[in-house]
Amino acid sequence: MDFATEPTLPLVDRYMLGKPLTEGRVGWLNSEQSTKLRELWQLLLKECDKEEYIDVQFSLEQQKAKAAEASDKSEEIGSLSFEPLMTISTKEQEPKSGGWFGWGTWQQNATNTPLKSSSRASTPASTDAEKGKEDDVESEETIRQRHETVQEHLNDKGDGSAVAPVDFVPLFEQPKLKRTFRAAFWQAATQIGDPDSWVLRFLRARQWDVTKALEMIRRTIIWRVGQAIDEIAFYGESQLHNLTMNTGLAYACMEDRLGNPVYVVRVRANVARNRNILAIKRFLCWQIETSQLLTAKSDGKVTMLFDFNGFSRENIDTKLVRTLITLLTNYYPETLGIIVLNVDSWVFSSLWMVISPFIDPEVRSKIVMARNAQELAPYIDPQVLVSELGGKKQFVYEYIPPACNENTRMADIDGRRAAERKFVHSVAAYEQATRQWLDNVADSTSPSGSTSLGDSNRGDTKEALRQAAIDLDPFIRSRTLYHRFGFVNPDHSASF
């Protein structure tokens, strides 16, 4: 059978048949899909030629400035997102008012207590007359834990050396609060190695409508710049919520039967009162961005496994789940594989009745339920399933904090400049090879109905660009938990 014209199989059925996704991907395009890809590249190169600047709206400095303004519970951290996310849907979303992701704005806390630093100063002992008041006032320790970052926690322990450079420097000496479309586009498009693969994600997500795919890419790039995704990767775990990292709310540690990394989301570890909304949103963005390092074999796809073992009412957080799925759907299209709900209690059925009507049918078609390792087996081999889920892989999540010497290359200015020059040269060469490919097809020097993605020169420039992106990465991205686990190989493939 010609896989380029193979009828679409439901994703869940592919696990039963052991048939990985191929349709609409590099190496499996039919002539019509190849034409659509060329049309989109023509438009994208025109966008890159404009050299327009996009404003950053949610940098770390801007977040801190807003937090400092929130002097009491009546003051909110206003929305800095120009495109909040309101529903779980693969359809076009219209901008609406709301919080950072459209789920309301974060308020400091339920009391009039201002934000605290990471000091561990103890709360003075209370008299009996003060006991009643203490029931209504959060302890300083509770407030500290809600806001404390990994770097602040290390400082507090006496391991005060910075684990990442303290001053973020954008690529190509761009302004801190502006990026060009071209720079942001190529930084995103080289994440999984092949720019064609990245662009094809958007075409598939928009059913091969070139105009809609271009608009989705534009909105994604504007969102990435606005939310300072490059800065989130730069600072890495140093600016993430320490308690969330230590409890292992979400982490990748295995592959499913189609080779997709599996992210385990421990629902029992999610207690909303233990962290602020900004912290969890930053954590989710970092996790999804970092997942691209683990998806070379899976064309960018990941499987989400929500483990409901031991969950209680205080763990119910539909906003977090809806935000996560919407992030994956709108700004990382074709990243979400299947969603496995590992449920050990029928109590979950009532929660499911509340959530399911809001889930887009396309997303719902990817959801499967399991109660034990046997029911997980069609999707994840028991040999690689972690022991806490009933599998045989002896892996226990334990957070390994970053070391002060693991990001030394980020301070190597000369090394970074050399890597940037190599990356810029490789981007220019790839753009030129792509233009030549498009011109050759337009001049009919390529066969009619060709599915070729260019000549050997374009293939060579693609490989050079992939290597240049890998070489640049340690200068602009802090090493991650997955590097410390040994999951990320030097060639940016993953080994679990």
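**Close-ups of a predicted model**

**View 1. The open sheet in this predicted model has five strands.** Reading across, the 5 strands of this open sheet come in the order β5-β6-β7-β8-β9, and their pairing is mixed. At the edges sit β5 (250-255) and β9, each with a single partner strand, so one side of each has no neighbour in the sheet. Direction ignored, neighbouring strands here are turned by 25 degrees against each other on average. As a bit of background, strands of a sheet pair through backbone hydrogen bonds, and they can do it parallel or antiparallel.

**View 2. Here is strand β8 with its partners β7 and β9.** Take β8 (residues 336-342) to begin with: 7 of its 7 residues are buried, so the strand is largely enclosed by the rest of the structure. β7 (residues 302-307) runs parallel to β8, and 5 bridges join the two. One pair to look for is Met304 with its bridge partner in β8, Ile339. β9 (residues 367-370) also runs parallel to β8, joined by 4 bridges. On that side, Val340 has Val368 of β9 as its bridge partner, while Leu341 has Met369 of β9.

**View 3. Helix α13 packs on the sheet.** The helix touches β7 and β8, and its direction makes about 175 degrees with that of β7. Helix α13 covers residues 318-330, and together with β7 and β8 it makes a right-handed β-α-β unit.

**View 4. This is the largest nonpolar core, with 73 residues.** If you want to find your way around, go for the residues with the most contacts inside this core: Met254, Met304, Phe306, Phe308 and Tyr482. Helix α12 (residues 277-291) gives the most to the core, with 6 residues. Apart from this core lies another one, of 44 residues, and among them are Cys48, Ala188, Leu438 and Ile476. In soluble globular proteins, nonpolar side chains tend to be buried together.

**View 5. Zooming in on Met254 and its contacts.** Leaving out residues up to four places away in sequence, Met254 touches a long list of others, including Pro261, Val262, Val264, Ile380, Leu389 and Phe496. Asn260 and Lys393 are also among the residues that Met254 touches.

**View 6. Pro378 sits in a loop between two helices.** The loop runs between α16 (373-376) and α17 (413-442). Pro378 is partly exposed, with a relative accessible area of 29%. What does Pro378 contact, leaving aside its neighbours within four places in sequence? The answer is Tyr15, Met16 and Arg257. Tyr15 is 363 residues from Pro378 in sequence, yet the two are 6.6 Å apart in space, C-alpha to C-alpha.

**View 7. Zooming back out, the whole chain has 19 helices and 9 strands.** Of the 496 residues in the chain, 53% are buried. Among contacts with a separation of 6 or more, 78% are between residues 24 or more positions apart. The chain exposes about 21800 Å², with carbon and sulfur atoms supplying 52% of that.

Definitions and conventions
Residues numbered from 1 in each chain as written. Predicted model: local features only at pLDDT ≥ 70, side-chain atom pairs only at ≥ 80, totals over all residues. Heavy atoms only, no water. Buried < 20%, exposed > 50% of the residue type's maximum accessible area, 1.4 Å probe, protein only. Pairing = 2+ DSSP bridges. Right-handed = clockwise from strand over helix to strand, strands pointing away. Contact = heavy atoms within 4.5 Å. Areas by Shrake-Rupley, 256 points an atom, 1.4 Å probe, with all protein chains shown as cover. Axes fitted to C-alpha atoms, helices over the stretch in contact; angles between N-to-C directions. Core = buried A, V, L, I, M, F, W, Y, C linked by side-chain atoms within 4.5 Å.
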